[in-house]
Amino acid sequence: MTHRRTLLVALACCAALTGCTSHTPDGGPPAVGSTSPTSSVTGPGAVDSGTSGPSSEPAPTASGGTGTAAPSPTVPTGRRCHTSEVRASLGPNRPGAGQSGFAIVLTNGSRRTCTLYGFPGVAFVNGAGEAVAPDPERATDQQEQAVTLSPGDSAWSTLAYTNPAITGATTVTPAALLVTPPDETAPIPVRWTGGKVSNTGKASVPWVSPLMPGNGT
């Protein structure tokens with residue numbers, strides 16, 4: 001009798017222990033309350049929350065005749081006019097109401113049709129290529145447009161400013177303009193024939209318009 005009672009007690013304890021243990025089939029999910037290792041994604045496919053990727057909005061253009069940091073979203077790289085394909089020139093001064101105004105002209109000198117979009121990069125420099133005045137501001141209230149140029153066709157941008165003699169701004173006479181087509185980084189030097197310009201950035205500051213079809217005449 002004593003042996004039988006001991007055996008029954010042992011079986012009861014075993015059943016109780018079995019009901020308190022969580023079992024998981026091989027290859028199945030871990031039991032509730034358990035933890036699993038977390039993976040860390042690294043390498044080219046990783047997403048860095050501190051770095052912005054490509055955007056549908058145009059990136060701001062770098063000033064100083066350096067072009068923009070990113071291509072225009074409306075002009076695929078294969079259709080864009082590259083610096084090596086265009087010629088830059090400066091039209092005559094067409095003054096009015098105390099303003100000086102010049103046409104910066106970009107002409108397609110290649111054998112293919114290409115497209116310009118947005119603002120040219122413009123910088124006033126001396127004979128050594130060093131900037132001598134603040135870069136022109138942009139007329140951002142004017143609509144940008146894609147200008148498609150067949151070989152020999154031109155696009156132009158207005159370069160204008162108030163006569164420094166009216167504002168009393170200190171001046172400098174640049175030797176050249178560095179003109180960079182939109183979305184490019186290599187500038188084209190153009191001899192400056194417009195005389196003195198403000199070098200303060202506070203008065204008579206030049207501004208440029210988006211490129212338009214034609215040569216500004």
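**Loops, strands and a cavity in a predicted model**

A97 counts as exposed, since its relative accessibility comes to 86%, a value that lies over the 50% required for that class. The model in which this residue is placed is a predicted one, and the position of A97 falls in the loop between strand 1 and strand 2. The backbone of A97 is marked by a positive phi of about 50°, although the residue is not a glycine. Most residues other than glycine have a negative phi. A second residue with a positive phi is D183, for which the angle is about 70° and which is likewise not a glycine. D183 is found in the loop between strand 9 and strand 10, but at a relative accessibility of 12% this residue counts as buried, because the value is under 20%.

For the protein chain as a whole, the secondary structure comes to two helices and 13 strands. The chain has 217 residues, of which 33% count as buried. Where contacts with a separation of 6 or more are considered, 76% of those in the protein chain are accounted for by residues 24 or more positions apart.

Strand 2, which spans residues 99-108, is mostly covered, with nine of its 10 residues buried. Strand 1 (residues 86-90) pairs with strand 2 in the antiparallel sense over five bridges, and within this pairing V86 stands opposite N108 of strand 2. Strand 2 also pairs with strand 7 (residues 154-162), again in the antiparallel sense and over nine bridges; here the bridge partner of I104 is S157, a residue of strand 7. Strands of a sheet pair through backbone hydrogen bonds, either parallel or antiparallel.

An open sheet of three strands is found with the order 4-9-10, and its pairing is antiparallel. Strand 4 (121-125) and strand 10 (188-191) stand at the edges of this sheet, and because each has a single partner strand, one side of each is left without a neighbour in the sheet. From one strand to the next, the twist averages 25°. Strand 9, comprising residues 176-180, is joined to strand 10 by four bridges, and the two run antiparallel. In strand 10, a covered face is formed by I188 and V190, whereas P189 and R191 make up an uncovered one.

Within the same pairing of strands 9 and 10, V179 stands opposite I188 in strand 10. V179 is found in strand 9 and is buried, with a relative accessible area of 1%. When its neighbours within four places in sequence are left aside, the contacts of V179 comprise A88, I104, L106, P120, G121, P187, I188 and V190. Among these residues, I188 and V190 belong to the covered face of strand 10. The contact of V179 with I104 links positions that are 75 residues apart along the chain, with their C-alpha atoms separated by 8.2 Å.

A further buried residue is L149, whose relative accessible area is 1% and which lies in strand 6 (residues 146-149). Not counting residues up to four places away in sequence, L149 touches C81, L106, N108, R112, T113, C114, L116, S154 and A155. For one of these, L116, the separation from L149 amounts to 33 residues in sequence and to 7.7 Å in space, taken from C-alpha to C-alpha. L106 is a contact of L149 and is also listed among the contacts of V179. N108, likewise touched by L149, is the residue of strand 2 that V86 stands opposite.

As regards internal space, the count comes to one cavity of 30 Å³ or more, and about 30 Å³ of space lies in the largest cavity. The lining of the largest cavity is formed by P134, S198, T200, G201, V205 and P206. By residue class, this lining divides into three nonpolar residues, three polar ones and no charged ones.

Note on methods
Residues are numbered from 1 along each chain as its sequence is written. This is a predicted model: local features need pLDDT of at least 70, side-chain atom pairs count only at pLDDT 80 or more; totals for chains, interfaces and linings use all residues. Side-chain values use heavy atoms; hydrogens and water are left out. On a 1 Å grid over the protein atoms alone, a cavity is a set of points where a 1.4 Å probe fits but cannot get out, and a pocket is an open set with protein on both sides within 12 Å along at least five of seven lines; lining residues have an atom within 4 Å of a point. Grid points are joined across faces, edges and corners, and a volume is the space filled by probe spheres set on the points. Ala, Val, Leu, Ile, Met, Phe, Trp, Tyr, Cys and Pro count as nonpolar, Asp, Glu, Lys and Arg as charged, and the others, Gly among them, as polar. Two strands pair if DSSP finds at least two bridges between them. Axes are lines fitted to C-alpha atoms, for helices over the stretch in contact, and angles run from 0 to 180 degrees between N-to-C directions. Buried means under 20% relative accessible area, exposed over 50%, partly exposed in between (1.4 Å probe, protein chains only). Contact means heavy atoms within 4.5 Å.
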